[in-house]
Amino acid sequence: MAALLELDEVRAGYGQTSVLHGVSMSVEEGQIVSLLGANGAGKTTTLRSVTGGVRWTGDIRFSGRSLKRLSTEDVVRCGIAHVPEGRGILTELTVDENLRLGSHLRKDGGDVRKDYDRVFEYFPVLRERRRLSASTLSGGEQQMLAVARALLMRPRLMLLDEPSLGLAPMVVRAIFEIIRTINQSDGVAVFLVEQNARLALEISSQAYVLEVGRVAVSGASSDLMGKESVRRSYLGY
Amino acid sequence: MQSLLQQIISGIASGGIFASLALALVLIYNAMGLVNFAQGELAMFATFIAFTLIDRGLSYWIALPVALVIAFAGGVLIQRVVIRPVERAPVLTLVIITLGMATLVNGLAGFIWGYVPRSFPSPFSARTVNLLGAFVSYQDMGVIAVSAVVLLLIYLLLQRTTIGLTMRAAAHHPEAARLLGVRVSWMLALGWGLAAAVGAVSGILVAPVLFLEPNMMQAIIIYAFAAAVLGGIESPLGAVVGGLIVGVTVNLAGAYLPFVGGDLELAVALAIIIGVLLVRPNGLFGRASVRRV
């Protein structure tokens, strides 16, 4: 079976500095895959390659179609929602306007309304703050807004870049619970970049560990968690 | 008292004209982080197009929308052809390009239509009507009405429609907007088109008063700068409020301060610019640009 997302010997970098030195990975339909590694290993660059935020060579395919030479807008329109580092909240706009930007490409009006209801069920705080400027939200609420907005895009694949960054442990738990729910009830595949390796391995079925731009270890998350040596040397717990 | 009211109303009329051009400046500023120095010249050029259409026998109320559509298309075209290739260039490059465009458009208008001032027809009569004791011309009221309608339409477009929402998203956070599937580059082109059209409104409204010639907008653009700066260069609402304040202030200063008279009105606008930059650099509606690092 062909994977939903396939990276094939991807090399990428910024200007003269190359960050990824030939990375191959795949995410199956409906799967949660985590991407782990130290700071600067190339996790964010991997996600940015997929949505065309950085120049890359090699090949990246999404449900069999090469993403080479597609603009970011077109990649996103294929069905990939990318919640970037820093969450990508438009702070000049209201919470509601941010959400509408998630659904603005969809033509299925009735389903969109249902998705809004569901999103507000997951994150009631967003309903309360609908009319407020997104800049008034706390870090956790902004992360919720970013995930909610990605969900409203009704993607087949979600790229999440460190959803736990800077958040209180309780909030992180809540957000990961919802990521799991989204994955299970909608069958949305998730490619998850995380610093918090333990949390990421618990939620994912497959995992890759990057080390300075190369895949150092990969395999089933439960195997990685179980291997003392992998945990010690790469995951730091 | 009546004459004060009279001065205020005619100030609001010029304010509407300044507000339209100031709004054009703000739209471009939001799209590329830079004032378009050619905005006034583009407005003048569009006014000449309206003039030609009317000259060929079209009615004013047909020529106006046609000229605005042409201005819109011209704005989009300029963004695609001239600005887009240098999108990532340093600010100074873009400044020089817009300055060069101003000179070019000015010269082109002179080449096509000549430098002899022409009278531009107004659909509103110069007769006055007694309003609460003040004598207000139909001309002023017409200008106020047209600019109010145009500004309202732009407001509704930006605030109430999906395309307006994506335009604002593209202007404020291009990277985040792209990740939401917004075609940022086209949205910026739309912003240019909209700016060119709303700027053209100011040219067409002011032409009956000033006479039409290639340098017609060179004073108006200074007032528009003052209005945009006063409103806080990033705020469309600020541009409108700023335009009205500048219009009324300049008119009152010209009427009641003997040393200002008609000659130093432009200096009042410049004084407003300097004053705002000294006292409140973010303007009335601007936000302090604090960046988290």
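1. Start with the hairpin late in chain A of this predicted model. Strand β9 (residues 206–211) of chain A is joined to β10(A) by 6 bridges, and the two strands run antiparallel. To find your place on the ladder, look for A:L210, which stands opposite A:V215 in β10(A). The turn of this hairpin has 2 residues between the strands, and there A:V212 takes a positive phi near 30°.

2. Now zoom out to the sheet that holds this hairpin. It is an open sheet of 6 strands in chain A, and its order is β6-β7-β8-β3-β9-β10, with mixed pairing. Which strands sit at the edges? They are β6 (80–83) and β10 (214–220) of chain A, each of which pairs on one side only. If you ignore direction, neighbouring strands of this sheet are turned by 15° against each other on average.

3. The word "mixed" is worth a quick check by eye. Strands of a sheet pair through backbone hydrogen bonds, either parallel or antiparallel. You have just seen an antiparallel pair in β9(A) and β10(A). For a parallel one, go to strand β7 (residues 157–161) and strand β8 (residues 189–193) of chain A, joined by 5 bridges. In that pair, A:L159 has A:F191 of β8(A) as its bridge partner. A helix packs on this sheet too: α7 (residues 169–186) of chain A touches β3 (32–37), β7 and β8 of chain A. The direction of α7(A) makes about 150° with that of β8(A).

4. Chain A has another open sheet, this one of 4 strands, with the order β2-β1-β4-β5 and antiparallel pairing. Why do β2 (17–27) and β5 (65–66) of chain A each have one side without a neighbour in the sheet? They stand at the edges and have a single partner strand each, so there is nothing in the sheet on the other side. Between strand β1 (residues 5–14) of chain A and β2(A) there are 8 bridges, and the two run antiparallel. One pair to pick out is A:A12, which stands opposite A:L20 in β2(A). Helix α1 (residues 43–50) of chain A packs on this sheet and touches β1, β2 and β4 (56–62) of chain A. Its direction makes about 110° with that of β1(A).

5. Next, a helix pair in chain A. Helix α3 (residues 95–103) and helix α4 (residues 109–122) of chain A pack at an angle of about 130°, and their axes are 12 Å apart. That angle is why α3(A) counts as oblique to α4(A). Their crossing is right-handed. On the α3(A) side the contact is made by A:L99, A:R100 and A:S103, and on the α4(A) side by A:V112, A:Y116 and A:F120. Sorted by class, these residues come out as 4 nonpolar, 1 polar and 1 charged.

6. Over to chain B, where the mean pLDDT is 90 and 97% of the residues reach 70 or more. Helix α2 (residues 39–55) and helix α3 (residues 60–83) of chain B pack at about 140°, with their axes 9 Å apart. The two are therefore oblique to each other, and their crossing is right-handed. What kinds of residue make up the contact of α2(B) with α3(B)? It has 13 nonpolar residues, no polar ones and no charged ones. Among them are B:L42, B:I49 and B:L53 in α2(B), and B:Y60, B:V66 and B:I70 in α3(B).

7. α2(B) has a further packing partner, helix α8 (residues 184–210) of chain B, at an angle of about 65° and with the axes 7 Å apart. This crossing is right-handed. The contact includes B:A43, B:A46 and B:T47 of α2(B), and B:G199, B:A200 and B:G203 of α8(B). By class, it has 8 nonpolar, 5 polar and no charged residues. Note that B:A46 turns up in the contact with α3(B) and also in the one with α8(B).

8. Last stop, a small hairpin in chain B. Strand β1 (residues 128–131) and strand β2 (residues 134–137) of chain B pair in the antiparallel sense over 4 bridges. B:V129 has B:V136 as its bridge partner in β2(B). With 2 residues between the strands, the turn has B:L132 at a positive phi near 50°. As for overall scores, the model gets ipTM 0.91 and pTM 0.86.

Notes. Residues numbered from 1 in each chain as written. Chains lettered and ligands numbered in written order. Predicted model: local features only at pLDDT ≥ 70, side-chain atom pairs only at ≥ 80, totals over all residues. Heavy atoms only, no water. Pairing = 2+ DSSP bridges. Contact = heavy atoms within 4.5 Å. Axes fitted to C-alpha atoms, helices over the stretch in contact; angles between N-to-C directions. Parallel < 35°, antiparallel > 145°, perpendicular 65-115°, else oblique. Left-handed = near helix turned anticlockwise from the far one by under 90°. Nonpolar A, V, L, I, M, F, W, Y, C, P; charged D, E, K, R; others polar. pLDDT = per-residue confidence, 0-100.
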